[in-house]
Amino acid sequence: MPDGTGVGWTKALLAAVFIAASTYAADAQYAFCAERGNLVAQLGEKFQEKQLGFGTIGQVAVMEIFVAETGTWTIVITDVTGRSCIVAAGDNWENSAILSGDNV
């Protein structure tokens, strides 16, 4: 990930800080953290949300977005131990077209 300019390390450091802050914010604000399988099951059963996408945050966590056809959405971050926390949730999700090449 290092690119010689320090940007790669900076992004990794910011991601780690975000994870730490998000995890504690989720505990305090939403008070909902659980084992990933249980959390995903609850999102499916209670809100009919399914995973739309995911991305890694360095080597410390995975961020996932769950969305329902009704427009509800949830962002979940899972750490390397399998502990998942809801860091954001809302309504009125809208999909956007992904642009590539010169359109970005």
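Visitor: How many residues does helix H2 have?
Guide: In this predicted model, local features need pLDDT of at least 70, side-chain atom pairs count only at pLDDT 80 or more, and totals for chains, interfaces and linings use all residues. Residues are numbered from 1 along each chain as its sequence is written, and side-chain values use heavy atoms, with hydrogens and water left out. H2 (a DSSP run of H or I, at least four residues) reaches 16 Å from its first C-alpha to its last, close to the 16 Å expected at 1.5 Å a residue (1.5 Å times one less than the number of residues). H2 covers residues 36-47, and its residue count is 12.

Visitor: Which residue takes a positive phi just after H2?
Guide: The position follows directly on the helix, and its phi is about 55°. The residue is Gln48.

Visitor: Which element gives the most to the lining of the largest pocket?
Guide: A pocket is an open set of 1 Å grid points where a 1.4 Å probe fits, with protein on both sides within 12 Å along at least five of seven lines; lining residues have an atom within 4 Å of a point. The lining includes Leu39, Leu43, Phe47 and Ile86. H2 and strand S5 (83-90; a DSSP run of E, at least two residues) each supply at least two lining residues. With five residues, the leading contributor is H2.

Visitor: How much space lies in the largest pocket?
Guide: The volume is the space filled by probe spheres set on the points, which are joined across faces, edges and corners. For the largest pocket, this comes to about 160 Å³.
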